[in-house]
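Please open the model in your viewer and keep the selection tool at hand, as this tour goes from one selection to the next and says what is found at each stop.

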Amino acid sequence: MDEEMEQGGTIKKFMYVNRKAPHGTIYALESLEVVLIGAAFEQDVSVAFIDDGVYQLTKGQDTKALGVKNFSPTFRALEDYDVTKLYVEKESMEARGLTADDLIVPVSVMSAAEMTAAMNEQDVLLNF
Amino acid sequence: MLHTVNKSPFNHNSLETCLKYAAPGSAVLLIEDGVYAAAQGTAVARQLRDVMKNVPIYALRPDVEARGIQNRVLEGVQLVDYAGFVDLAAEHSSVQSWL
C-alpha cells in the first residue's frame, strides 16, 4: 500500500453497509460481490451489518434445498483479501436473539454511537 | 454526511435507521417515496421534529409535488429542487443512500 501511495495512488476509506437478510433479495449477494471486487483495488475497506443485515453472518445456513448459492462461507474468505474490519451493530444483533457466537466470522460488535463514529470517518459509503 | 432516504417510512425502516445514525453536522434529504415522511400529521412527524432540532431535513420538491403533499409539508422541512440536491451533495464530505 505504501508503494501505491508513492506512485500517487489515493487510498480512500470505503464502508459497505448491509441492512438486508441474505436470501429474500439479491442485495446481500450483490454487496458481497462488490466488496470482493473492491478489495482488488487495495482501499481501506470496512463492512457493516445492521438491522436484518446481521442475518447474513449467521452460522448454519443451508441453501441446498432452496437451490441458491450459500454465500455465507465467503465471509470467512474476506480475510484473505485483507478485508478484516467487519462491524456488527449490537442492538440489531440482540434484537434478533443473536450473539457473536452465532456468527460465522469474528466481528467487532459496536454500539450505534460507535457505528455512527465509524461511518463519519468514511470517504465513501455504499448501502445495500 | 448527507443521508438520502427513498422509501416510505410506513413500509420500511430505512428512515428510522437513518435517523438513528444522523449525527449533528449531517443532513437528511427525503427523495422518491421517502418524501411521505415530510407530510404533516403522520406517525413519524414527532420524530422528525425532534431530529430537526439537531439535523436539517430536506425534501425533494418534484417528488413532494408528484405525491400531492406540497401544501401539507411539516414545518421545518426545507424543500429543494434538483440543483439543491446537487448543492447538498457537494456541501457534505460523503453521501449515504439508505435503501
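**A buried histidine in chain B**

Begin by selecting B:H3 in this predicted model, a residue that counts as buried because it has 28 C-beta neighbours inside 10 Å, where 20 or more are enough for that label. If you colour the chain by its elements, you will find B:H3 in strand β1 of chain B, which covers residues 2–5.

Next, keep B:H3 selected and add the residues it touches, leaving aside its neighbours within four places in sequence: these contacts are B:C18, B:A22, B:S26, B:V28, B:Q96 and B:W98. Then select B:G68, which lies 65 residues from B:H3 along the chain, and look at the separation of the two C-alpha atoms, which comes to 23 Å.

**Chain A as a whole**

Now turn to chain A and display it as a cartoon, where five helices and five strands can be picked out. Following the chain from the N terminus, you will pass through these elements in the order α-β-α-β-α-β-α-β-α-β. The radius of gyration of chain A is 15 Å, close to the 14 Å given by the globule rule for 128 residues, and therefore chain A is as compact as a globular protein of that length.

With chain A still selected, turn it along its principal axes, where its C-alpha atoms fill a box of roughly 50 × 35 × 25 Å. How many of the 128 residues of chain A, as a percentage, count as buried? The share is 30%. As a last step, display the contacts in chain A between residues at least 6 apart in sequence, among which 72% join residues at least 24 apart.

Terms used
Residues numbered from 1 in each chain as written. Chains lettered and ligands numbered in written order. Predicted model: local features only at pLDDT ≥ 70, side-chain atom pairs only at ≥ 80, totals over all residues. Helix = DSSP H or I, 4+ residues; strand = E, 2+ residues; numbered from the N terminus. Rg over C-alpha atoms; globule rule 2.2 N^0.38 Å. Buried ≥ 20, exposed ≤ 12 C-beta atoms within 10 Å, placed from the backbone. Contact = placed C-beta atoms within 7 Å.
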